[in-house]
Amino acid sequence: PDEQLDLDDGRWEDIHVVTGALKLFLRELPEPLVPFSHFDKFIAAIKIQDPAMRGRCIRDLVLSLPSAHHDTMKVLFRHLCRVIEHKEENRMSVQSVAIVFGPTLLRPASEESNMAMHMVFQNQVVEHILNHYSYIFPD
């Protein structure tokens, strides 16, 4: 049933509650925002040494996502870019946002041994998309 949510309710005043709810929603999806089928491709792309080639590869991968994933990513990352614009007040830099959302948005199908290694690259992918939002999602 469509539940009406009153965002003026006091319990939503703490931004951590809202952020936690968003992260939980994204984590509980049956498949992450970056589908399992694309995980290794994004990890390989972020490792490309040539910046121009890396940028094109990540843009093309984002474009290759199913439309529901692509469109949701566009809206989410536009919002996260707005959060970063206020980093002086909220202390959420590109790196901070990437650390918070990287492992939630991109995860391997199975949590194997090199999880810590993956996390570095997961965060770098999110950081790259944030830093190059207008190139990856031209209006």
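## Threonine 19 and helix α1

Threonine 19 lies in helix α1, where a helix is a DSSP run of H or I with at least four residues, a strand is a run of E with at least two, and both are numbered from the N terminus. With a relative accessible area of 29%, threonine 19 is partly exposed. Here buried stands for under 20% relative accessible area, exposed for over 50%, and partly exposed for what falls in between, using a 1.4 Å probe and protein chains only. Threonine 19 and valine 100 are 81 residues apart along the chain, and their C-alpha atoms are separated by 9.7 Å.

Before going further, please note that this is a predicted model, in which local features need pLDDT of at least 70 and side-chain atom pairs count only at pLDDT 80 or more, while totals for chains, interfaces and linings use all residues. Residues are numbered from 1 along each chain as its sequence is written, and side-chain values use heavy atoms, with hydrogens and water left out.

## The chain as a whole

Stepping back, you will find eight helices and zero strands in the chain. Following the sequence, the pattern reads α-α-α-α-α-α-α-α. Along the principal axes, the C-alpha atoms fill a box of roughly 50 × 35 × 30 Å. The radius of gyration is 16 Å, which agrees with the value near 14 Å for a compact globule of 139 residues; this radius is taken over C-alpha atoms, and the globule rule is 2.2 Å times the number of residues to the power 0.38.

Of the 139 residues in the chain, 35% are buried. About 8,700 Å² of the chain is exposed, and carbon and sulfur atoms supply 57% of that area. Accessible areas come from the Shrake-Rupley method with a 1.4 Å probe, and for residues only the protein chains shown count as cover. Taking contacts between residues at least 6 apart in sequence, 64% join residues at least 24 apart, a contact being heavy atoms within 4.5 Å.

## A buried spot in helix α2

Alanine 45 lies in helix α2 and is buried, with a relative accessible area of 1%. Once neighbours within four places in sequence are set aside, alanine 45 is in contact with Arg54, Cys57, Ile58 and Leu61. For one of these partners, isoleucine 58, the C-alpha atom is separated by 6.1 Å from that of alanine 45, with their positions 13 residues apart along the chain.

## Loops to look at

The loop between α1 (15-28) and α2 (36-46) holds proline 30, and leucine 29 lies in that loop between α1 and α2 as well. Proline 30 is exposed, at 78% relative accessible area, whereas leucine 29 counts as partly exposed at 24%. From proline 30 to threonine 72 the C-alpha distance is 15 Å, for a pair 42 residues apart in sequence. Leucine 29 and aspartate 71 are 42 residues apart in sequence and 16 Å apart in space, C-alpha to C-alpha.

Another loop, between α5 (87-90) and α6 (94-105), contains arginine 91. The phi angle of arginine 91 is near 55°, a positive value in a residue other than glycine. Arginine 91 is exposed, at 69% relative accessibility.

## Charges and salt bridges

The chain has 14 positive and 20 negative charges, and their mean positions are 8 Å apart. Lys and Arg count as positive and Asp and Glu as negative, with His and the chain ends not counted; each charge is placed at NZ of Lys, CZ of Arg, CG of Asp or CD of Glu. Side chains of opposite charge can pair when their charged atoms come close. Two salt bridges are present in the structure, each term meaning a side-chain nitrogen of Lys or Arg within 4 Å of a carboxyl oxygen of Asp or Glu.

One salt bridge joins the side chains of arginine 59 and aspartate 60, at 3.5 Å from N to O. Arginine 59 is partly exposed at 22% relative accessibility, and aspartate 60 is partly exposed at 41%. Lysine 74 and aspartate 139 form a salt bridge too, with their closest N and O atoms 3.3 Å apart. Because aspartate 139 lies in the segment after α8 (133-136) and lysine 74 in helix α4 (residues 67-85), this pair ties together parts that are 65 residues apart in sequence. Aspartate 139 itself counts as exposed, at 89% relative accessibility.
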